[in-house]
Amino acid sequence: MGVTAAFAMDAAALSANLPMPLGDALADAPHEIAAFAYLSRTGTLLGTRTIGSSLPDLVALPIRQIVRHAILLDADRLVMAHNHPSGIAAPSRADIDTTRRLSRALAMFDVRLVDHWIVTRDRWVSLRALGLM
């Protein structure tokens with residue numbers, strides 16, 4: 001069984017589990033989109049942000065801007081998700097490296113990156129569940 005199959009969830013469960021109103025829009029987008037849910041210590045949703053790309057397989061993350069939003073919203077936690085329009089939910093080396101960079105930057109301001117989900121039309125994969133965070 002591949003890594004993706006071990007930690008995959010179907011599209012219906014995705015919509016029920018994303019802590020932001022992004023389920024179908026993120027999964028069905030033809031280009032990569034990154035979405036962020038900023039949460040309080042108790043898990044209250046404080047705000048969401050999305051960052052789009054015109055490329056089908058890359059979205060550049062402005063780490064400083066993401067951290068700035070967390071500070072302005074007084075967030076204690078953040079959940080990130082981004083789509084893979086290719087339909088392959090496995091994390092790339094760039095996904096893993098960017099997640100770790102973002103986590104380190106947020107930690108400097110006492111904000112915890114709770115998880116990073118990769119979303120496709122049929123499933124999502126949690127980098128935390130894969131042990132990559």
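**Reading a predicted fold, feature by feature**

Colleague: I see that Arg121 and Asp28 join their side chains in a salt bridge, 3.4 Å from N to O. What counts as a salt bridge?

Modeller: Side chains of opposite charge can pair when their charged atoms come close. The cut-off is a side-chain nitrogen of Lys or Arg within 4 Å of a carboxyl oxygen of Asp or Glu. Your pair links distant parts of the chain: Arg121 is in the loop between strand 5 and strand 6 (123–126), while Asp28 is in helix 3 (residues 23–28), 93 residues apart. Helices and strands here are DSSP runs numbered from the N terminus (helices are H or I with at least four residues, strands are E with at least two).

Colleague: Before we go on, what kind of model is this, and how are its residues numbered?

Modeller: It's a predicted model, so local features need pLDDT of at least 70 and side-chain atom pairs count only at pLDDT 80 or more, while totals for chains, interfaces and linings use all residues. Residues are numbered from 1 along each chain as its sequence is written, and side-chain values use heavy atoms, with hydrogens and water left out.

Colleague: What is the average pLDDT of the chain?

Modeller: pLDDT is the predictor's confidence in each residue, from 0 to 100. The chain averages 80, and 77% of the residues score at least 70. Over residues 1–16, though, the pLDDT is below 50; this stretch still has 28 contacts in the model beyond near neighbours in sequence. A contact means heavy atoms within 4.5 Å. Where pLDDT is low, the predicted coordinates should not be read in detail.

Colleague: Back to the charges. How many salt bridges does the structure hold?

Modeller: There are 3. In one of them, Arg41 and Asp76 bring their side chains together at 3.3 Å, N to O. That pair also links distant parts of the chain, with Arg41 in the loop between strand 2 and strand 3 (45–52) and Asp76 in the loop between helix 4 and strand 4, 35 residues apart. Another joins Arg93 to Asp97, whose closest N and O atoms are 3.0 Å apart. Those two both sit in helix 5, 4 residues apart, about one turn of the helix. An α-helix has 3.6 residues a turn, so residues three or four places apart point the same way.

Colleague: Is Arg121 buried or exposed?

Modeller: The scale is relative accessible area: buried is under 20%, exposed is over 50% and partly exposed is in between (1.4 Å probe, protein chains only). Arg121 has 53%, so it's exposed, while its partner Asp28 is partly exposed at 39%. Arg41 is exposed at 64%. Within helix 5, Arg93 is exposed at 51%, and Asp97 is partly exposed at 35%.

Colleague: Which residues of helix 5 are buried?

Modeller: Asp95, Ile96, Thr99, Leu102, Ala105 and Leu106. Their cover includes strand 2 (33–39), helix 4 (63–72), strand 4 (77–83) and strand 5 (112–119). You can check the helix's length too: the expected span is 1.5 Å times one less than the number of residues. For the 15 residues of helix 5 (residues 93–107) that gives 21 Å, and the end C-alpha atoms are 21 Å apart, so the two agree.

Colleague: Which residues have the most contacts inside the largest nonpolar core?

Modeller: A nonpolar core is a set of buried Ala, Val, Leu, Ile, Met, Phe, Trp, Tyr and Cys residues joined through side-chain atoms within 4.5 Å. The largest one has 17 residues, and Phe36, Ile66, Leu78, Leu102 and Leu106 have the most contacts inside it. Strand 2, helix 4, strand 4 and helix 5 each supply at least two residues, and helix 4 gives the most, with 4. A second, separate core of 10 residues includes Leu39, Val79, Ala81 and Trp117.

Colleague: How many aromatic pairs are there?

Modeller: There is 1. Rings of Phe, Tyr and Trp (its six-membered ring) pair if their centres lie within 6.5 Å; planes under 30 degrees apart are stacked, over 60 edge-to-face, and the rest tilted. Trp117 and Trp124 have ring centres 4.9 Å apart and planes at 50 degrees, so they're tilted. Trp117 is buried at 9%, and Trp124 is buried at 12%.

Colleague: Where does Asp74 lie?

Modeller: In the loop between helix 4 and strand 4. Its phi is near 55 degrees, a positive value in a residue other than glycine. Most residues other than glycine have a negative phi, and most peptide bonds are trans. Asp110, in the loop between helix 5 and strand 5, also has a positive phi, near 60 degrees.
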